[in-house]
Amino acid sequence: MIRPFAVRIVLVSTVSLALACAAGAQSPSSDAGRQPLRLGLGDLMTAFMQPRHAKLGIAGQARNWDYLTYERHEFEETLTLIERTVPRYRGTAMADLLLILREPVAALGAAINARDGAAYDAAYARLTDACNACHVATDHRMIVIQTPKVSTFPNQNFAAQPR
Ligand code: HEC
């Protein structure tokens, strides 16, 4: 399990290194690559929130409870990462904006613990609704999240594994 802060450091240092190399190629004395890099909310949504939401959907359909236990925790770490990286959005605390996800995420946890597929599906639908509610509230109604119909991760098997 990777701590959110570590993820951020690795991402930032990898991207900074790439930028530093690119800057160096143009002008060896340039300081451009040494500016601290800040990931924006759109980057964090696309890099972390969207794939984790998709995985919770695909593995949920496979009723892969062991994996869902893991991935729901990773999803919570993504929320922490977003809060730390973008503490405020247009003047509102990110932690307050993300509260909209808390109930569905807690309900996913309860459904996973109970191995209750119907409750999981209902909580997952509420999670997806909450994503879209925040997109509407933040003037991004054109970003519409839905339950995944197929896996977008061809190199990962989401089927429950024998214990
Ligand atoms: C705090 C409110 C909020 C919540 C909750 C939220 N989003 Fe977002 N999301 C945004 C905002 C604001 C943007 C646009 C950010 C920007 O580009 O500056 C965004 C952008 C995105 C994008 C980028 C779209 C693209 O095509 O580039 C994706 C994907 C996304 N969100 C997925 C999700 C998913 C999945 C969830 C739920 C698990 C979610 N979001 C929950 C506010 C939210």
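This is a short talk on one protein model with an iron-containing ligand, going from the overall fold to the metal site and then to a few single residues.

Please keep in mind throughout that the model is predicted.

I'll start with the fold. The protein has 6 helices and 2 strands. Going along the sequence, the order of elements is α-α-α-β-β-α-α-α. Of the 163 residues in the protein, 37% are buried. As for contacts, take those with a sequence separation of 6 or more: 65% of them join residues that are 24 or more positions apart.

Next, the iron. Which residues of the protein act as donors to the iron atom of the ligand? They are M45, through SD, and H135, through NE2, at 2.1 to 2.4 Å from the iron. M45 sits in helix α2 and H135 in helix α6, so the pair links distant parts of the chain, 90 residues apart. There are 6 donor atoms around the iron atom, and the angles they subtend run from 83 to 179°, which makes the arrangement octahedral.

Are the two protein donors buried or exposed? They fall into separate classes, and the cut-off for buried is under 20% relative accessible area. M45 has 23% relative accessibility and therefore counts as partly exposed. H135 has 11%, so H135 counts as buried. Leaving aside residues up to four places away in sequence, H135 touches M45, H140, R141, I143 and I145. So M45 appears twice for H135: as the other protein donor to the iron, and as one of the contacts of H135.

Now the largest pocket. About 650 Å³ of space lies in it. The lining consists of 28 residues, and those closest to the centre of the pocket are M45, Q50, H135, I143 and I145. Both protein donors to the iron, M45 and H135, are on that list. The elements giving two or more residues to the lining are α2, covering 41-61, α4, covering 94-98, and α6, covering 117-137. Which element gives the most? That is α2, with 8 residues. By residue type, the lining divides into 17 nonpolar, 10 polar and 1 charged.

Away from the pocket, I want to mention E71. This residue is in helix α3, residues 65-85. E71 has a relative accessibility of 1%, so it counts as buried. Not counting residues up to four places away in sequence, E71 touches R52, K55 and L56. H53 is 18 residues from E71 along the chain, and the C-alpha atoms of these two are separated by 9.2 Å.

Last, the backbone. Most residues other than glycine have a negative phi. Which residues have a positive phi without being glycine? Two to look at are R63, with phi near 50°, and R115, with phi of about 55°. R63 is in the loop between α2 and α3, while R115 is in the loop between α5, residues 102-114, and α6. R63 has a relative accessible area of 30% and so is partly exposed. R115, with 39%, is therefore partly exposed as well.

To close, I'll go back to the metal site. The iron has M45 and H135 as its protein donors, in an octahedral arrangement of 6 donor atoms, and these two residues are among those closest to the centre of the largest pocket.

Conventions:
Residues are numbered from 1 along each chain as its sequence is written. This is a predicted model: local features need pLDDT of at least 70, side-chain atom pairs count only at pLDDT 80 or more; totals for chains, interfaces and linings use all residues. Side-chain values use heavy atoms; hydrogens and water are left out. On a 1 Å grid over the protein atoms alone, a cavity is a set of points where a 1.4 Å probe fits but cannot get out, and a pocket is an open set with protein on both sides within 12 Å along at least five of seven lines; lining residues have an atom within 4 Å of a point. Grid points are joined across faces, edges and corners, and a volume is the space filled by probe spheres set on the points. Helices (H or I, at least four residues) and strands (E, at least two) are DSSP runs, numbered from the N terminus. Ala, Val, Leu, Ile, Met, Phe, Trp, Tyr, Cys and Pro count as nonpolar, Asp, Glu, Lys and Arg as charged, and the others, Gly among them, as polar. Donors are N, O and S atoms within 2.8 Å of the metal (3.2 Å for Na, K and Ca); water is not among the atoms, so sites may look incomplete. Four donors count as tetrahedral if all angles lie between 85 and 135 degrees; four count as square planar and six as octahedral if opposite donors are over 155 degrees apart and all others between 65 and 115; anything else is irregular. Buried means under 20% relative accessible area, exposed over 50%, partly exposed in between (1.4 Å probe, protein chains only). Contact means heavy atoms within 4.5 Å.
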